[in-house]
Amino acid sequence: MRASLPRARILGTGRYLPARVVTNDELAARVGTSDAWLKEHVGVERRHVAAEGETTSDMATAAARAALDAARLSPADLDLIIVATVSGDSPMPATAATVQQKLGTELVPSFDLAASHAGFLYGLAVAEQSIASGATRTALVVGADMLSRRVDPEDRTTAALFGDGAGAVVVGVAGDDGRGILSMRLGADGAMASLLSIPGGGTGEPMTPERLAAKRNKIQMDGPDLFQVSVKKLQVTSMEALKAAGLLSDKLDWVIPQQANRRIVDKIAARLGYSREKFIENLADVGNTGAGSIPIALDEAVRDGRVKPGQNVLLCALGAGVTWAASMVRM
Ligand SMILES: CC(C)(COP(=O)(O)OP(=O)(O)OC[C@H]1O[C@@H](n2cnc3c(N)ncnc32)[C@H](O)[C@@H]1OP(=O)(O)O)[C@@H](O)C(=O)NCCC(=O)NCCS
């Protein structure tokens with residue numbers, strides 16, 4: 001059944017990172033942390049932070065333009081826009097609709113997808129299925145987050161981890177050369193919602209002066225538990241995606257994991273038995289960019305020539321929900 005459906009392929013990638021770079025030392029001057037602690041416990045050294053007035057849709061649009069250029073397509077070629085984000089320009093309208101305006105596309109369906117750090121891969125899955133159904137020929141999938149505005153700048157357990165940025169891919173119908181999205185595995189477990197959340201500002205906890213003072217509109221994280229869950233889920237879902245693609249691990253060229261903590265990657269690599277050299281990482285330079293994490297790292301590796309056409313790349317991510325996803329892609 002699936003074999004008769006059109007397969008989707010990534011036609012081009014792009015990214016955008018704000019110009020301003022904040023080093024660990026600069027952060028340590030205002031929160032109780034240190035460059036040495038962050039390098040050892042997380043692996044982050046610097047992160048990009050958006051300028052005042054810059055928005056998530058600005059970042060998403062810049063990444064989208066770069067992906068369209070790489071695919072040698074124009075905004076008029078798009079017939080679906082998905083922006084994965086949990087830090088959009090405003091609760092309403094969708095940031096994707098603003099991106100549609102900024103790009104100047106046709107009046108195509110455009111919506112946001114809130115699956116946190118796994119959101120980009122969730123978006124890729126929706127685009128893939130829309131292409132397989134025949135409803136869509138060319139989709140834009142962006143992962144964009146401005147989490148610097150969602151952390152409590154005085155909370156050392158979160159303020160240093162996150163950075164701002166956007167990554168994008170243009171997805172179209174695959175040819176018969178074997179390149180394309182080979183498998184996709186998605187999951188969620190709402191029982192673990194408290195591990196990573198922004199509890200305030202929605203219908204559950206409308207903002208009041210008390211809640212504002214308690215910083216309920218900022219990211220709350222149970223780091224150690226999230227760490228354990230990340231290792232377990234990313235390992236299992238990655239193995240499932242590899243198996244579903246019908247590949248053996250020796251056919252795997254690269255793994256691009258969510259850039260959250262280098263020690264998580266160490267553990268996944270050891271448990272999966274994959275060489276550490278196969279893992280593409282940019283955490284040291286950009287921090288955890290939420291839904292932007294996977295497409296930013298993918299674009300970097302495509303543009304610097306590490307990821308080559310025809311290579312097999314495993315993408316995997318876990319975020320608030322908790323939600324998780326893994327996909328095998330032949331570039
Ligand atoms: C957040 C994280 C880096 C914390 O590292 P950790 O080694 O688990 O540290 P702990 O939370 O156990 O804290 C250990 C100590 O370091 C301190 N600490 C935490 N953050 C710190 C920081 N930025 N700088 C200095 N000290 C810090 C804690 O206060 C604690 O001090 P105490 O022992 O005096 O109480 C880590 O848990 C993590 O990466 N979690 C996973 C995040 C994740 O998976 N994200 C995926 C989805 S985005």
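How far is a polar side-chain atom of Ser230 from an oxygen atom of the ligand? In this predicted model, the separation comes to 3.0 Å. The legends below start from that contact and work outwards.

**View 1. Polar side chains at the ligand oxygens.**
Ser230 puts a polar side-chain atom 3.0 Å from a ligand oxygen. Arg263 joins in too, with a side-chain N or O atom 3.2 Å from an oxygen atom of the ligand. His41 has a polar side-chain atom 3.4 Å from a ligand oxygen. On its own the ligand would expose 950 Å², and the protein buries 71% of that.

**View 2. The shell around the ligand.**
Zoom out a little and you can count 22 residues surrounding the ligand. The closest of them are Thr33, Arg156, Gly223, Ser230 and Asn261. By residue class, the shell breaks down into eleven nonpolar, nine polar and two charged members. As for the site itself, the ligand sits in the second largest pocket.

**View 3. Helices and domains that build the site.**
Four helices each hand at least two residues to the shell: α2 (35-41), α6 (156-159), α8 (223-244) and α9 (262-272). Which helix gives the most? That's α8, with five residues. On the domain level, domain 1 (8-173) and domain 2 (180-330) both contribute shell residues, so the ligand lies between them.

**View 4. A cis peptide bond at Pro93.**
Here the backbone takes a cis peptide bond between Met92 and Pro93, with omega at about 0°. To find the spot, look in the loop that runs between β4 (80-84) and α4 (95-103), where Pro93 lies.

**View 5. A cis peptide bond at Val322.**
This close-up shows the peptide bond from Gly321 to Val322, which is also cis, as its omega near -5° goes with. Val322 belongs to the loop linking β12 (312-319) and β13 (323-330).

**View 6. Positive phi at Arg72.**
Last stop: a backbone angle to check if you're setting up torsions. Arg72 isn't a glycine, yet its phi is positive, near 55°. Arg72 is found in the loop between α3 (56-70) and β4.

How values were computed:
Residues numbered from 1 in each chain as written. Predicted model: local features only at pLDDT ≥ 70, side-chain atom pairs only at ≥ 80, totals over all residues. Heavy atoms only, no water. Near = heavy atom within 4 Å. Polar contact = N/O pair within 3.5 Å; in protein donor to acceptor, adjacent residues only side chain to side chain. Areas by Shrake-Rupley, 256 points an atom, 1.4 Å probe, with all protein chains shown as cover. 1 Å grid on protein atoms, 1.4 Å probe; cavity = no way out; pocket = protein on both sides within 12 Å on 5 of 7 lines; lining within 4 Å. Sits in = over half its atoms within 2 Å of the grid points. Nonpolar A, V, L, I, M, F, W, Y, C, P; charged D, E, K, R; others polar. Domains from an automatic or database assignment.
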